[in-house]
Amino acid sequence: MAAADTPVLLLNAPLVASRLGYPDLSGLDLLEAFAFVHPARFCVPTPRGLAEALGLPQPEGDAGVPDLLQHAAGALIAVCRDPEWFEREGAWSALQSLERLRWPWAQVLKPHIAKPERAERWLFSRLPEWEEAGERPAPRAVELSSQAVAEQLARLTGEGAEQREGQRDYAQNAARVFAPRPREARPHLALAQAGTGIGKTLGYLAPASLWAEHSGGTVWVSTFTKNLQRQLRAESRRAWPAKRADGTPPVVVRKGRENYLCLLNLEDALQGGFAGRAAILAQLVARWGGYTRDGDMIGGDLPGWLGTLFRKRGIAALTDQRGECIYAGCPHYRKCFIERAARDSAQADLVIANHALVMVNAARARDPAARPTRLIFDEGHYVFDAADSTFAATLSGQEAIELRRWIIGPEREARGRRRGLAARLADVASYDEAGGEAIAAACKAGQLLPSDGWLQRLNENAPLGPVEALLAAVRTATYARDESGGIDAGYGIETEASGLPGEVIEAAGAAAEALASIRVPLIRLGGRLEAILADPPDWLDAQGRARIEGARFALAWRIDLVAAWESLLARLGGPADPEFVDWLAVDRSDAREFDVAIHRRWLDPMKPFARVVLEPAHGVLLTSATLTDRGAQSIGSEEVWASAIARSGAAHIEGAPLLSAAESPFDYATRAEVLIVTDVAKGDLPALAGAYARLIEASGGGVLGLFTAIRRLRSVHGRVADRLARAGLPVYAQHVDPIDTGTLVDIFRDDPRATLLGTDALRDGVDVPGHSLRCVVLEQVPWARPNILHKARRAAGGGSQYDDRIIRARLAQAFGRLIRSKDDAGHFVVLSPAFPSRLLSAFPAGTPVLRVTLDQALQRVAAGVGGMQSLPTQGALLP
Ligand code: SF4
């Protein structure tokens, strides 16, 4: 009631609202003010984090928070008055617009921000232009001597001769992929297992930086998590300066284009494309646009919490999500962050990217010369999954409607600039008759694709057009054949794409014809664009040329997409192709349907990976702390590597991979303990929640709780969060708190009394060395979901042994969260009465493993790892 009557000072309104169960809480949110005053500056969105970011004393417990909020508001106002305010430029003008938008802070800040003497330049004229640089010559063939590698490593680590032996050997092994390759399509492929704490990042950056310096070439390092990208950016500073003498950056972080701010979309939003709260967000993003390092909105220097303060999908609408970029036709082309990143990376010594981007780039790079040839896949155990999604084909309602919008443009367009093919290529259509006809034909055929409201029509069994009719038949067949018995009601259902009813086959035939009628004019249009480029008319200036080249590229991958859909449909009803796994699915979340799809995956996605990524490369290193399968140790070293080799693509290229393993230097025997709790029955939710609550209390927070089902995560959170928060032990949760995952991890890292609950997949993104993470709790053994794809791979990969390998890898990765540095210590708890002994080898050799009751586990957790040596050993100590 107080908040509804008067604007109150708040910190993170959506989070406070969700805790109070009051959906529309608003007021003076200090995070919004922070984003205005210090755009592009890091701040953990908690009272502690805000105090830290503003240089204020930490609040004394919860009672000190109201005072802190007032002091924080005072500190932000004081910055606005400070003549030395670093981010002053643009603030006055932005505030004028924000006042018109009734931003609550505008009235508060206005008296403190002086009107500048000269009119401020707006963002789009302030941003620097990128320079076009000449093509980089091909790298010289160089051999790296072991001595040079050792010296470079010593220089980077600053440790001289006494550097760690494991790291020294690792660097020498990594250096082998930089040797000149013996034959075409025969890259050096190395698989390097590096236990936590080896120092693998500097271990491979040493030869990589040496090679880049002597050869003049570019090394790509690919990661799976954004966290490692951040870390790599920081570590690369030891080898490279921030800028070269000519001002260009030697190290560039490169992401998919959907991560960057699109200036044209922003301009559109600022000029009325966005309304209400979204328009305020656009103003704050524009403030950030003037100060950002590289325009990266997702995981870059835009605070991760900014988007969630505004709830709508505002951030996504400001990026180039749908490939509608008009390249040189865009007035901001010369300042565009995406274009800048692409140019910078072509000139860089080191490009930091992610697995998906590296694969997409290799598969359809605009410029084949810009494809990476020296590649390091860190977090290499994820290359298989990344390849699996990159080389997948999915014909779904959502994908098809995206294609329709790309061809025709949005149907009921009220605002914005989103336009279809005809508008984007209007000049081509008027100049070239055949090109104009192809565009018209594509737009006509595009009408056959699903349109707005398709899901509703499927529900009412009134589909429009051949593709919707196919989706309707797929939906009906999937429900008819669903065997789940409603156990997981609310989640997706699926069925094999074999023995399908006649309706699906017939509908697939009609849909394939419709797709062909779209693909043919698109190919014709591509041909016309090429002809125009080959024999350019007078009016085609360099900008126009770049735009047509961009359009041709965008066209080529849509043509590939439609062709992949057609081949997917052609296979329905025909004989199964053993190379692929095909299935039909209805995707649901919380009992709401959101897509209907036909999926195709490679049984072994490393086959296309080997062809597209490995063969054209000269040297590839796959490295990770969990590459090999520890469970197979007893069987022999070949078995240890079998799965890593199979999941690297090595089997599909010539030559054997170079294998190396470096054991972690950490003393797991005294720093960690695995507790398998045997008396929390599976399926007993109150007992599960009780166990979590007591473990969190015993450890005083600092718990990372991992769940295999969102339902149980929510249920446990709902039962324990309030009570624990009152005891000063805040519990944050993925899928519950309105906060992005990266920010949740930042909050967790920042507060040693906090607990973080997340899905099993969170095990990858959490790198929290030190006291903040001292206990990992798994709600059960993380078995794989037995879906159709899993069943097919399981059958091909050795049945239960395949499952065991996957579980051991998951356990090893989750355990790896616990001990990140030599001073870390903690417990790894699995709440599972039935934990098979054959999985225990997942943990590093020497780690004590005990089967105990919950009470015994609580005692050991409460005593801490330092104290646990003095406790008598309870339960059976396992080998
Ligand atoms: S060039 Fe493309 S991505 Fe860049 S600002 Fe313009 S439209 Fe957006």
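Biologist: In β13, which residue is the bridge partner of leucine 191?
Modeller: The model is a predicted one, and in it leucine 191 lies in β3, pointing the same way from that strand as Leu189 and Gln193. The strands β3 and β13 run parallel and are joined by 5 bridges. Within β13, the bridge partner of leucine 191 is leucine 659.

Biologist: Over how many bridges do β3 and β12 pair?
Modeller: One of the matched pairs of residues is easy to find, since histidine 188 has glycine 619 as its bridge partner in β12. Taken as a whole, β3 and β12 pair in the parallel sense, and the number of bridges is 6.

Biologist: How many residues of β3 are buried?
Modeller: His188, Ala190, Ala192 and Ala194 point one way from the strand, while Leu189, Leu191 and Gln193 point the other way, and all of them are buried. The strand is therefore largely enclosed by the rest of the structure, and the count of its buried residues is 7 of the 7.

Biologist: Does serine 660 count as buried or exposed?
Modeller: Serine 660 is found in strand β13, and, leaving aside its neighbours within four places in sequence, it is in contact with Asn173, Leu191, Ala192, Gln193 and Trp641. A residue needs to be under 20% relative accessible area to be called buried. Because its relative accessibility is 11%, serine 660 counts as buried.

Biologist: Which are the edge strands, each pairing on one side only?
Modeller: The open sheet has 7 strands with parallel pairing, and their order is β5-β6-β4-β7-β12-β3-β13. Reading that order from end to end leads to the two strands that pair on one side only, namely β5 (251-253) and β13 (658-662).

Biologist: What does the twist average from one strand to the next?
Modeller: The value belongs to the open sheet of 7 strands, in which the pairing is parallel. Going from one strand to the next, the average twist is 15°.

Biologist: In β6, which residue is the bridge partner of valine 253?
Modeller: The strands to look at are β5 and β6 (residues 350-354), which pair in the parallel sense over 3 bridges. The bridge partner of valine 253 in β6 is isoleucine 352.

Biologist: Helix α11 packs on the sheet, so to speak, but what angle does its direction make with that of β12?
Modeller: Another helix, α10 (residues 165-175), also packs on the sheet, where it touches β3, β12 and β13, and its direction makes about 150° with that of β12. Helix α11 (residues 200-215) touches β3, β4, β6, β7 and β12, and the angle between its direction and that of β12 is about 165°.

Biologist: How many residues of α35 are buried?
Modeller: Helix α35 (residues 800-816) reaches 24 Å from its first C-alpha to its last, close to the 24 Å expected. What covers its buried residues includes α30, β14, β15, β18, α34 and β19, and among these buried residues are Tyr802, Ile806, Leu811 and Phe815. The helix is mostly covered, with a buried count of 12 of its 17 residues.

Biologist: With what N to O distance do the side chains of aspartate 804 and arginine 838 meet in a salt bridge?
Modeller: Side chains of opposite charge can pair when their charged atoms come close. For the side chains of aspartate 804 and arginine 838, which meet in a salt bridge, the N to O distance is 2.6 Å or less, precisely 2.5 Å.

Biologist: How many residues apart are arginine 528 and aspartate 432?
Modeller: Their side chains meet in a salt bridge, at 2.6 Å from N to O. The pair links distant parts of the chain, with arginine 528 in helix α26 (residues 502-534) and aspartate 432 in the loop between α22 and α23, and their separation in residues is 96.

Biologist: Is lysine 822 buried or exposed?
Modeller: The side chain of lysine 822 meets that of aspartate 823 in a salt bridge of 3.8 Å, N to O. Aspartate 823 has a relative accessible area of 57% and is exposed. Because the relative accessible area of lysine 822 is 60%, and over 50% is the cut-off, lysine 822 is exposed.

Key: Residues numbered from 1 in each chain as written. Predicted model: local features only at pLDDT ≥ 70, side-chain atom pairs only at ≥ 80, totals over all residues. Heavy atoms only, no water. Helix = DSSP H or I, 4+ residues; strand = E, 2+ residues; numbered from the N terminus. Expected span 1.5 Å × (residues − 1). Buried < 20%, exposed > 50% of the residue type's maximum accessible area, 1.4 Å probe, protein only. Contact = heavy atoms within 4.5 Å. Pairing = 2+ DSSP bridges. Axes fitted to C-alpha atoms, helices over the stretch in contact; angles between N-to-C directions. Salt bridge = Lys/Arg side-chain N within 4 Å of Asp/Glu carboxyl O.
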